[in-house]
Amino acid sequence: MLYESTRGQYQRKVSSAEAIKMGIAPDGGLIVPGKIPFITGEQLQEMTALDYRGKAVRILKAFLSDYTEKEIRECVEQAYSSEKFDSSEVAPVRKPDGSLYFLELWHGPTCAFKDIALQILPHLLTKAAAKTGEEASIVILVATSGDTGKAALEGFKDVPGTKIIVFYPVRGVSEVQKFQMVTQEGANVAVVAVRGNFDDAQTGVKDIFGDAEFNRLLQKEHYRLSSANSINWGRLAPQVVYYFSAYLDLAAKGALSPGEKINFVVPTGNFGNILAAFYAREMGLPVNRLICAANVNNVLTGFIRTGVYDRVRKFHRTISPSMDILISSNLERLLYHLSGRDHARIREWMAALNRSGVYRVDAGTRARIGEIFWSGYADDNETLTTINSLYRRGGYVVDTHTAVGVRVYEKYAVATGDSTKTVIVSTASPFKFNESVARAVLGEDAVRGKDEFRLLEELAAATGLEIPAGLKNLDKKPARHRKTVDRNQMTAAVEDILLRSI
Ligand SMILES: *Cc1c(COP(=O)(O)O)cnc(C)c1O
């Protein structure tokens, strides 16, 4: 199978290994499969008996046709081992209160769903480098607002042929997130604090990628910069797997009749997770509606309802920070598929987004989006109330992002009367965003004046749940990364790290 750019100015078709190595197309577009593979009902049935790893091999093989089955199996086994995931099912489905199903995607080392893709990406990427004759070491540069940086560090730690450097803003990550990063182990990792906010760190990283002279210097030293961000095809493909596995697990338990359709509710930020659900649906998985859940940064809700994407609005900091996004990059892939692969129109819309922050899709594309997707949003207050009421109803504790999904599903059910069985995609462990979760479960008075580490303990004691290994005793681990730089010292920091320390 060959891949192409959404924008069509870069006309070469590339293999999946090249796609994963490139990350983004040279014309600024995203890389998409030339044809979406189809899984027949019979093939779907045959996958029922496989465990998560077996299912992952089947689905990834359909997309990564230039990798051998043996190569894919090696990647899958290194990524989804019992050492990395604290559930043997990797992505278990639970039904805590007798009605809604939850697909728990946070059993990996950093307790959020990004582990599922970032545990396998390094292996796919090093194989891609070998397959395409790349001789340099790969250096992953990441600017993070919290979750991605830690998940990428855990994924790339000690992977031969790679190094990873993560920049996080001094102002802008939680205490738990900061401790997760500065205590990071591994011989090929570096973590650097940047004086400034996330935009400063992100702009700094973009400048380094764009600095031709610096890249030539690195090339001489046999380094090649690469990115692990969510528009890389190697992050998207592994996410398709858990939609299949959730469906097949429900079918195996007898919860679905043959061919019965289900809904998925996906807490959405950059549109990566829900786009993987779209690919699963296009591949023939029996899916009815995809429900896109947003917080008050509800650009996507407006877009799905009206066909107008409008990012010209106030940015809100919420208690579901991984969804605080006004430009959902992966949406470009959806537009490509639903506009009938119309390169010219994609270019026009993306140019308008760049120029004025607004674009309107044509009526046909809008109608097709409306047939597949529904969207709503929930504010912080509703999020806290939802966490509280779920806990009271069945003792089940969800994180803030997942709670947005539950609340939006309630609105969907009222608005449409649809009674299709529904799976809420649970994107983080409740312990990862423990301050808000403790506030919702234990009450305002119980959290006042306490730091996040204390609240982890108290939340565990009150709910009877265990603190995940990745978050336990974080404040007692030694800080291994202490470098802090100004925004204009980031290039020098990379040079120093690569040529002198790791
Ligand atoms: C990244 C993230 C999301 C948003 O996922 P997208 O693929 O960006 O839409 C939702 N919840 C959590 C906990 C996340 O870390």
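**Chat: Phe271, Cys111 and Asn273**

Modeller: Starting with Phe271, that residue is buried, with a relative accessible area of 1% (buried is under 20%, exposed over 50%, partly exposed in between, using a 1.4 Å probe and protein chains only). This is a predicted model, where local features need pLDDT of at least 70 and side-chain atom pairs count only at pLDDT 80 or more, while totals for chains, interfaces and linings use all residues. Numbering runs from 1 along each chain as its sequence is written, and side-chain values use heavy atoms, with hydrogens and water left out.

Biologist: Where is Phe271 placed?

Modeller: Phe271 is in the loop between strand 9 (262-267) and helix 12. Helices (H or I, at least four residues) and strands (E, at least two) are DSSP runs, numbered from the N terminus.

Biologist: And what is the phi of Phe271 near?

Modeller: It's near 70°, so positive in a residue other than glycine. Most residues other than glycine have a negative phi.

Biologist: Switching to Cys111: buried or exposed?

Modeller: Cys111 counts as buried because its relative accessibility is 1%. Cys111 has a positive phi too, about 70°, although it is not a glycine.

Biologist: Which loop holds Cys111?

Modeller: The loop between strand 4 (101-104) and helix 5 (114-118).

Biologist: OK, now Asn273. Which helix is that in?

Modeller: Helix 12, residues 272-282. At 5% relative accessibility, Asn273 is buried.

Biologist: What does the Asn273 side chain join in a polar contact?

Modeller: The side chain of Tyr243, at 2.9 Å. A polar contact is a pair of N or O atoms within 3.5 Å; within protein, one must be able to donate a hydrogen and the other to accept it, and residues adjacent in sequence count only if both atoms are side-chain atoms.
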